[in-house]
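Biologist: I'd like to learn how to read a helical model. Can you walk me through one, feature by feature?

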Amino acid sequence: MNELILLFIAVCGYLIPLAIISGSKRTKGHEKNGWLIGTLLFSWLTLLLYFSIVPKGGVQQEKEKKPRSRHRH
């Protein structure tokens with residue numbers, strides 16, 4: 001019984017980084033898929049790299065176009 005509990009804790013510990021990255025809004029699309037594959041292979045190491053490399057604000061969208069000012073005469 002103790003081995004089963006230990007196995008359950010180990011599997012949860014392995015999957016926690018996967019859940020954190022999949023729920024994160026820092027990346028999206030193929031970039032997120034790459035991070036998830038890296039997490040499957042290297043677990044906590046990839047999570048540390050993810051937080052140190054990917055900007056906190058997430059993917060920066062293109063600057064919004066400024067509306068053209070219309071001069072009334």
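Modeller: Start with burial. This is a predicted model, and of the 73 residues in its chain, 22% count as buried.

Biologist: Which elements does the chain have, and in what pattern?

Modeller: Count the helices and strands, then read them in sequence order. Here there are three helices and zero strands, so the pattern is not hard to follow: α-α-α along the sequence.

Biologist: And how much of the contact set comes from residues 24 or more positions apart?

Modeller: Take the contacts with a separation of 6 or more; residues 24 or more positions apart account for 56% of them.

Biologist: Okay, helix packing. At what angle do α1 and α2 pack, and how far apart are their axes?

Modeller: You want two values for a pair, an angle and an axis distance. Helix α1 (residues 2-23) and helix α2 (residues 30-42) pack at about 175 degrees, with axes 9 Å apart. That angle makes α1 roughly antiparallel to α2. On the α1 side the contact involves Tyr-14, Pro-17, Leu-18, Ile-21, Ser-22 and Gly-23; α2 brings Lys-32, Trp-35, Leu-36, Thr-39, Leu-40 and Leu-41. By class, the residues of this contact are eight nonpolar, three polar and one charged.

Biologist: What about α2 and α3, what angle and axis distance go with that pair?

Modeller: For that pair the angle is about 145 degrees and the axes are 6 Å apart. From α2 you get Trp-35, Gly-38, Thr-39 and Phe-42, and from α3 Trp-44, Leu-45, Thr-46, Leu-49, Tyr-50 and Ile-53. This contact of α2 with α3 has seven nonpolar residues, three polar and no charged ones.

Biologist: How would I check the length of α2, and what span should its 13 residues have?

Modeller: Compare the expected span with the distance between the end C-alpha atoms. At 1.5 Å a residue, the 13 residues of α2 should span 18 Å, and the end C-alpha atoms are 18 Å apart, so the two agree.

Biologist: Which residues of α2 are buried, and which exposed ones sit on the face turned away?

Modeller: Look down the axis and see where each kind points. Lys-32, Trp-35, Leu-36, Gly-38 and Thr-39 are buried in α2. Down the axis of α2 they fall within an arc of 160 degrees, so they line one face of the helix. Those buried residues pack against α1 and α3 (44-53). The face of α2 turned away from the buried side carries His-30, Ile-37 and Leu-41, which are exposed.

Biologist: What is phi of Ser-43, the residue that follows α2?

Modeller: For a backbone torsion, check the sign and then the residue type. Phi of Ser-43 is near 45 degrees, a positive value in a residue other than glycine. Ser-43 is found in the loop between α2 and α3.

Biologist: Is Ser-43 buried or exposed?

Modeller: Buried means under 20% relative accessible area. Ser-43 has 6% relative accessibility, so it counts as buried.

Biologist: Which residues is Ser-43 in contact with, leaving aside neighbours within four places in sequence?

Modeller: Gly-13, Tyr-14, Pro-17 and Gly-38. You can also look at C-alpha distances: Ser-43 and Leu-15 are 28 residues apart along the chain, yet their C-alpha atoms are separated by 7.6 Å.

Conventions
Residues numbered from 1 in each chain as written. Predicted model: local features only at pLDDT ≥ 70, side-chain atom pairs only at ≥ 80, totals over all residues. Heavy atoms only, no water. Axes fitted to C-alpha atoms, helices over the stretch in contact; angles between N-to-C directions. Helix = DSSP H or I, 4+ residues; strand = E, 2+ residues; numbered from the N terminus. Parallel < 35°, antiparallel > 145°, perpendicular 65-115°, else oblique. Contact = heavy atoms within 4.5 Å. Nonpolar A, V, L, I, M, F, W, Y, C, P; charged D, E, K, R; others polar. Expected span 1.5 Å × (residues − 1). Buried < 20%, exposed > 50% of the residue type's maximum accessible area, 1.4 Å probe, protein only. Arc of directions from axis to C-beta.
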